[in-house]
Amino acid sequence: MIVLGLTGGIGSGKSTVARHFGALGVHWVDADDVAREVVEPGKPALAAIADHFGQEILTSEGALDRARLRQIVFEQPEQRAWLESLLHPIIREELIRQLHPADYTLPYVLLVSPLLLETDQHKLTERVLVVDVPEEVQIERTMARDTNSREQVERIIAAQLPRNHRTAKANAVIDNNQPAEKVAAEVRALHERFMVDFG
């Protein structure tokens, strides 16, 4: 099974592009979803986090208090390193499992990840597709979607791989700053190419 990586900066529209591929029958897995799934109540990773940080890292419902955990690891780099050493192998294993569905007949699947190129997740992929929009569009879309301030969004963008570095590593770039039907047509053309390349 060929795994293609789909990435892009915050607000670039990765999920929208993934849904276009999905409409063509392509199986896709979102690394953000998997990262949330592995720390759900009842999962071993959540128990390990609660053992390490204490029960106050859990909400009254027994779920992970993400805001509290984010604050701790932001202020204490050694705690962030501990958390990553726990979660990254678990997330990787679950990604690999979900990327190989039973009874799937297409020759490729998509791994959708905002940090594909910043982490070793790109090692799971054969090619990299980058969803690209101008930085100002990223800022506007993210502010509208997440009700974040411009400063917050600019900080997130600054922490991600620079746009020109990301596109330089791409095997294909999808321009998501155009009408939806043109984006869909671009995806369709790529899909047809991949079906020939990998079929």
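Biologist: Which residues have the most contacts inside the largest nonpolar core?

Modeller: In this predicted model, they are L6, F21 and I57, within a core of 50 residues.

Biologist: With which residues is L6 in contact, leaving aside its neighbours within four places in sequence?

Modeller: Its partners include K14, V17 and A18, then L110, L111, V112, S113 and L116, and further on L129, V131 and I174.

Biologist: How should strand β1 be read, and how many of its residues are buried?

Modeller: As a general idea, the side chains of a regular strand alternate between the two faces of the sheet. Here β1 covers residues 2-7, and five of those six residues are buried, so the strand is largely enclosed by the rest of the structure.

Biologist: In which sense do β1 and β3 pair, and over how many bridges?

Modeller: The pairing of β1 with β3 is parallel and has five bridges; I2 stands opposite Y108 of β3. Strand β4, residues 127-132, also runs parallel to β1 and is joined to it by four bridges. There, T7 has V130 as its bridge partner.

Biologist: How many aromatic pairs does a search of the whole structure find?

Modeller: The search finds five. In one of them, the ring centres of Y108 and F194 are 5.3 Å apart and the planes stand at 75°, so this pair is edge-to-face. Because Y108 lies in strand β3 (residues 108-112) and F194 in helix α9 (residues 180-198), the pair ties together parts that are 86 residues apart in sequence. As to the general idea, a pair of aromatic rings is described by the distance of the centres and the angle of the planes.

Biologist: Are Y108 and F194 buried or exposed, and which residues form one aromatic cluster with them?

Modeller: Both Y108 and F194 are buried. The cluster consists of F21, Y108, F194 and F198, and F21 has already appeared among the core residues with the most contacts.

Biologist: Where does G22 lie, and is it buried or partly exposed?

Modeller: G22 belongs to helix α1, residues 14-23. Its relative accessibility is 29%, so G22 counts as partly exposed. Between G22 and L106 the C-alpha distance is 12 Å, although 84 residues separate them in sequence.

Biologist: How many helices and strands does the chain contain?

Modeller: The chain has nine helices and five strands. Its radius of gyration is 18 Å, close to the 16 Å given by the globule rule for 199 residues, so the chain is as compact as a globular protein of that length. Of the 199 residues, 41% are buried.

Methods:
Residues numbered from 1 in each chain as written. Predicted model: local features only at pLDDT ≥ 70, side-chain atom pairs only at ≥ 80, totals over all residues. Heavy atoms only, no water. Core = buried A, V, L, I, M, F, W, Y, C linked by side-chain atoms within 4.5 Å. Buried < 20%, exposed > 50% of the residue type's maximum accessible area, 1.4 Å probe, protein only. Contact = heavy atoms within 4.5 Å. Phe/Tyr/Trp six-rings, centres within 6.5 Å; stacked < 30°, edge-to-face > 60°. Helix = DSSP H or I, 4+ residues; strand = E, 2+ residues; numbered from the N terminus. Pairing = 2+ DSSP bridges. Rg over C-alpha atoms; globule rule 2.2 N^0.38 Å.
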